[in-house]
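Colleague: Please take one part of this model, the pairing of charged side chains, and go through it closely with me. I would also like to hear how far the model can be trusted and how some of its strands are arranged.

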Amino acid sequence: MTMIACGTRTVMRLIGVLWMMVVMVPPLGAAPTHVVSEEPVSVEKLGDGGWLVDFGKVTFGNLQIAAPEGMSGVVEVRFGEALKDGRVDRKPPGTVRYAEVRQHLIGGQSLRVAPPADARNTKQPEAILTPPEWGVLFPFRWVELHGWKGDLTLQNVLRNSVFLESWNDEAASFECSDPLIQRIWGLCRDSIKATSFAGIYVDGDRERIPYEADAYLNQLSHYATDTDVEMARDTFDHLLRHPTWPSEWGPHMVFMAYADWMHTGDREGLAQRYEAVKSKLLMERVGPDGWVTSNEKQRSWNDIVDWPQGERDGFEHREVNTVVNAFHLRAVQLMGEMARALGKEQEAMAYESRFEERKQAFQEAFFLHGRGAYRDGVGSNHASLHASMFPLAFGLVPESEQDAVAEMLVDRGMKCSVYGAQYLLEGLFQAGRGDAGLGLMTAKGDRSWRHMVESGTTVTWEAWDQKYKPNQDWNHAWGAAPANLLPRFILGVEPAEPGWSVVRMAPVPCGLNEAKGKVPTPRGPVEVHWKKTGTSYGLKFSLPEGMKARVLLPYRGSGKVSKEEVPLPTRREGKWIRVVPEQEGAGTLLLR
C-alpha cells in the first residue's frame, strides 16, 4: 500500500506540473454559413381570410415577402415553431418560439421580414452572433399572414434559412427494417443541419451559447451526418477561451480533442491543442488520497450529473462522487493515448499509470457487489442510474460485471435526460445490450425519441417533454444522439485507427432484419448493407480508397464466413466472429 501511495503522489505531481504549463490557444473562428432561399411546402387560406404558410421543417431564418405590383398596405406576420388547432400557436409553452411583426408592403418589391432581436440570445460577450446583414434569425416552421390582399402563391413568401455552407444532404444515409427507427435517424440528422446556423455549436435558441457537453454530443452526430470538421474545431477553440461552469463539462473538452484526432488523424491539430486541454482533467481538485473531491459549492452547483436537476434519479452528492471521478478517469485515459500519439512518452506513462491505479480504486470504492450497480459516492448506499451508466460507457466496468450492470440499467429505464441518454445507450450497445438500447429509443410514453417523432417536431428537443423542463428549447442538438448511435452500432461503423485508416465494422442487428447506410469520413463514405435471412447473415460493404476494415460479425449459425463464396479465415472473439484478413475495397461477406 505504501508503494502504491508513493507512486500516486509522484504521478500526480508530474501531471500537476504538466497541466499548469503555459499554453498557446488557437485563434478564434467560425465555420462558414450561408443563406438558402426556400419555398414553402404549402400555403392554405384560413377561414378568417388569413393565410397559413408551412415550410415543412423548422430552421433558423427569416422571411422574404414579394408583394405583387399594385399591392400595398400592412400585413401582420406571425412566426411560430408550434401549431395549435391548425393555426400558429400564439401562446406556446415556455420558450418555444412565437413572434409577431407588422410589415408595410410595397408593390413590386421584395422585403425581408424578421422578428426583433432577442435580448438574451444576443447578449455579449456570451452569445454567438450571426452576420447583421442577414437580419435577425428566428427558428420557425409556420407563418401566418393577415391583411394580404388577393391570392398568395409559393413564390410570394420565401424563407431565408441559414445552414453550414459545406453541408451536404447526400453525405449520410440510414435505412432499416423498422420505419420508426428510420424516422428517428431522420429527425436527428435534420436537427444537426438546422442548428448549424451559427457556425459554432450553440445550445439552442434561448441562449445561443456554446457548452462543452452540448458541443461534444453535437460533434459526434455532426461527424456521422456530414463531412465538415471545422465547426467542431471552431467550437472547441471558442470554449478554450470561454469555458462554462459544470464540473463534468471540462473533461468533455478532452473528449472533443480525442474525437477530432480519431476522426481526422491530424497530429498537427492535436499538438496545437494538446497543452491547452490538460487543464480540463480536474487535477486541481484531486486530494491526497487520489480522488477528485467536491466542496460544498461544487456539490450544490457545479457537479451537474445530469440536466435539468430533476433528471438525476435521486443522485446523492458526496465529497467524492462517482460521476465526477468517472469523467476524470476517462479523460485521463484519453490524454494518455493522445500523449503517446504525439511521442510524449513520459507524459503518456504518467497518465496511463494514474488511470490503471485509479480504475482499480474506483471499482473497490464504488461497486456494490450483489446489486450490479455503483454507489453515488463515498459514504452513500444509493445507486442512481448515473452512477452506473457513465462507468459502463467509459469502459470502467470489469468485463465480469458488465452484464449485471447493463441489466440493472435496462431495468431502471430512461431515468436520465436526453443528454444522459447518449451515455446510457452507448454503454448498453457496448455491453451487448443494443436490443434494449433500441427499445428505450423507441419506447412508448414521453421519455423516448418515439415521443418526439410522434409529436411532429422536426428538430430535437432539449428535454423529453415540456413537463420535465418548462423553459426548454425545441431546437436543441444535444437531443440528437441517435444520429451518431445508429451509424456507430447498427451499421457498426467507427474509426479503429486515427484518420479512418482502418475502420471497425461491427454491425449489431438488435432485433432488426436489415439495415443499410452511408457514413461520411474524411477519406470518403463508408457504405454498409447487412441483412439477416434465416440462420445466415450477409454484409455488403464499400470502402474508400486507402481504408481497411476490421470486420466483426455477430456469431450465428456455424460461424463460417465466405466472401463471394470463397471461405475466409475467422476467429471467435466473445459474441463476435472476426474476419481475420482486413478487408479493402468492396465486397459481400456471408456468415452461415
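Modeller: Before we begin, you will need one set of cut-offs: a residue is called buried when its relative accessible area is under 20%, exposed when it is over 50%, and partly exposed when it falls in between. Please also keep in mind that this is a predicted model, with a pLDDT that averages 94 over the protein and is at least 70 for 95% of the residues. Residues 1-24 need more care, since pLDDT stays under 50 there, although the model does have 31 contacts beyond four places in sequence for this stretch. Where pLDDT is low, the predicted coordinates should not be read in detail.

Now to the charged side chains. Side chains of opposite charge can pair when their charged atoms come close. In this model the count of salt bridges comes to 40, and three of the pairs can be followed one by one.

In one of them, the side chains of R87 and E144 meet with 3.3 Å between N and O. Because R87 belongs to strand β6 (residues 87-88) and E144 to strand β9 (residues 138-146), this pair ties together parts that are 57 residues apart in sequence. The two partners can be placed with the cut-offs above: R87 has 26% relative accessibility and so counts as partly exposed, whereas E144, with a relative accessible area of 1%, is buried.

Another salt bridge is formed by R206 and D473, whose closest N and O atoms are 3.5 Å apart. R206 is found in the loop between α2 (179-194) and α3 (212-225), and D473 in the loop between α14 (449-455) and α15 (482-490), so this pair ties together parts that are 267 residues apart in sequence. Both R206 and D473 are buried.

The pair R450 and E454 has another setting, for both residues lie in helix α14, four residues apart, which is about one turn of the helix. Their side chains meet in a salt bridge of 3.2 Å from N to O, and E454 is exposed, with a relative accessible area of 53%. Salt bridges can also share partners, and in this way D48, E76, R78, R87 and E144 are joined into one network.

Let us turn to the strands, beginning with a hairpin. Strand β2 (residues 42-45) pairs with strand β3 (residues 51-66) in the antiparallel sense over four bridges, and the partner of S42 in β3 is D54. Five residues lie between β2 and β3, and in this turn G49 has a positive phi of about 95°.

Strand β19 (residues 548-554) is our last stop; five of its seven residues are buried, so this strand is largely enclosed by the rest of the structure. β19 runs parallel to strand β15 (residues 502-505), to which four bridges join it, and R550 of β19 stands opposite R504. With strand β23 (residues 576-579), β19 runs antiparallel and is joined by three bridges; here P554 stands opposite W576. β19 also pairs in the antiparallel sense with strand β24 (residues 583-584), over two bridges, where the partner of K548 is E584.

Definitions and conventions
Residues are numbered from 1 along each chain as its sequence is written. This is a predicted model: local features need pLDDT of at least 70, side-chain atom pairs count only at pLDDT 80 or more; totals for chains, interfaces and linings use all residues. Side-chain values use heavy atoms; hydrogens and water are left out. Two strands pair if DSSP finds at least two bridges between them. pLDDT is the predictor's confidence in each residue, from 0 to 100. Contact means heavy atoms within 4.5 Å. A salt bridge is a side-chain nitrogen of Lys or Arg within 4 Å of a carboxyl oxygen of Asp or Glu. Buried means under 20% relative accessible area, exposed over 50%, partly exposed in between (1.4 Å probe, protein chains only).
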